[in-house]
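Student: Could we go through the insides of this protein together? I'd like to know what the terms rest on.

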Amino acid sequence: MTSTHAYAAHGATTPLGPFSFNRRSPGPNDVLIGIRYCGVCHSDLHMVKNEWGQTIYPIVPGHEIVGEILEVGSSVRAFKPGDLAGVGCMVDSCRTCPECKDGQEQYCEKGMILTYNSPDRHTGGITYGGYATHIVVDQAFALRVPLNLDLAGTAPLLCAGITTYSPLRHWGVGKGSRVGVVGLGGLGHMALKLAHAFGAHTTLFTTSAGKAEDARRLGADAVVVSKNAEEMKPYANSLDFILDTAGASHNLDLYLQLLKRDGTLCLVGLPEHGHPSPNIGTLIHKRRRLAGSLIGGIRETQEMLDFCAAHNIVSDIELIPIQKINEAYERMLKSDVRYRFVIDLGTLR
């Protein structure tokens with residue numbers, strides 16, 4: 001077993017604080033990773049505060065993990081000690097259902113095993129995440145981190161990166177595509193970078209005019225203030241695909257009407273109270289699609305990391321010591337981060 005230091009929450013209203021536990025000893029197919037950095041996802045905040053009603057305490061959040069392989073099991077061939085590796089949102093699945101066999105473990109029919117707050121099939125307890133010094137994971141759910149990428153900036157790719165990459169890839173975004181991105185936060189800024197790298201003409205839709213300059217730096221060809229009807233009007237029936245990253249409830253018809261015939265509006269944000277139902281006529285009259293997307297499977301996540309390495313794409317981050325995680329959560333509630341907090345786990349050792 002590996003003695004592990006971490007930060008955990010023991011209740012919905014208590015701050016995160018120091019917590020120690022033992023990681024399991026690596027089995028034949030496992031790798032032990034010394035965690036260097038872990039991104040802070042808004043879902044961490046939801047889970048810590050039990051806003052989805054499923055949290056089991058104590059909870060150690062964190063599913064945007066990068067670090068160094070410290071030890072490998074006897075059957076491990078994909079990694080060796082000293083390699084850089086990452087762990088994203090899941091650490092296991094049934095591996096036998098059609099979804100898993102198709103490389104879509106995130107849609108496992110029996111339910112993927114999340115990196116934290118899921119039943120741990122190895123220990124019988126609950127999985128603990130990346131706000132910690134170490135993690136043990138099956139090699140099949142570990143990812144190779146390209147050497148040319150900044151490690152801290154790579155961490156959010158394991159969630160924010162793949163959450164936006166997967167739908168862009170699935171719906172065939174590429175050169176000549178006209179793409180809209182709704183929202184400029186942790187997900188939205190990655191969507192701009194990736195859509196731009198895919199060669200699409202990309203428009204950011206935002207409620208804040210002050211984000212225009214930064215959006216263009218990140219890859220937007222145009223910026224539209226969605227509250228301004230005159231700015232929105234020229235985009236009617238013009239877009240092939242819209243990736244809606246906004247985490248707050250809003251009117252979907254505002255964006256559905258911007259799609260061409262056969263265009264798709266894909267939701268990746270998860271508002272606490274959902275969205276108002278769209279006008280069915282808006283969908284029918286142009287054969288438009290309203291869709292959703294989760295993360296990606298392990299194979300696609302590795303593809304995303306390699307794509308980012310080829311295009312030198314990482315997340316824009318603010319690096320913090322673990323001791324400032326509660327302050328970071330408060331700032332997240334105020335949208336006071338550009339665009340992702342990443343924890344330096346070296347401050348915990």
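Tutor: Sure. A nonpolar core is a set of buried Ala, Val, Leu, Ile, Met, Phe, Trp, Tyr and Cys residues joined through side-chain atoms within 4.5 Å, and buried means under 20% relative accessible area with a 1.4 Å probe, protein chains only. This is a predicted model: local features need pLDDT of at least 70, side-chain atom pairs count only at pLDDT 80 or more, and totals for chains, interfaces and linings use all residues. Residues are numbered from 1 along each chain as its sequence is written, and side-chain values use heavy atoms, without hydrogens and water.

Student: Which members touch the most others in the largest nonpolar core?

Tutor: Tyr131, Ile325 and Tyr329, out of 97 residues. Skipping neighbours within four places in sequence, Ile325 is in contact (heavy atoms within 4.5 Å) with Tyr7, Leu16, Val40, Tyr131, Ile320 and Ile343. Another core of 17 residues lies apart from it, with Val224 and Met232 among them.

Student: What makes the space lined by Phe141, Leu143 and Ile298, among others, a cavity?

Tutor: On a 1 Å grid over the protein atoms alone, a 1.4 Å probe fits at a cavity's points but cannot get out; lining residues have an atom within 4 Å of a point. The structure holds 1 cavity of 30 Å³ or more, and the largest has about 60 Å³ of space, a volume being the space filled by probe spheres set on grid points joined across faces, edges and corners.

Student: Why does its lining count as having 3 polar residues?

Tutor: Gly counts as polar, and the lining includes Gly88, Gly296 and Thr301, so these go with the polar group. The rest of the split is 8 nonpolar and no charged.

How values were computed
On a 1 Å grid over the protein atoms alone, a cavity is a set of points where a 1.4 Å probe fits but cannot get out, and a pocket is an open set with protein on both sides within 12 Å along at least five of seven lines; lining residues have an atom within 4 Å of a point. Buried means under 20% relative accessible area, exposed over 50%, partly exposed in between (1.4 Å probe, protein chains only).
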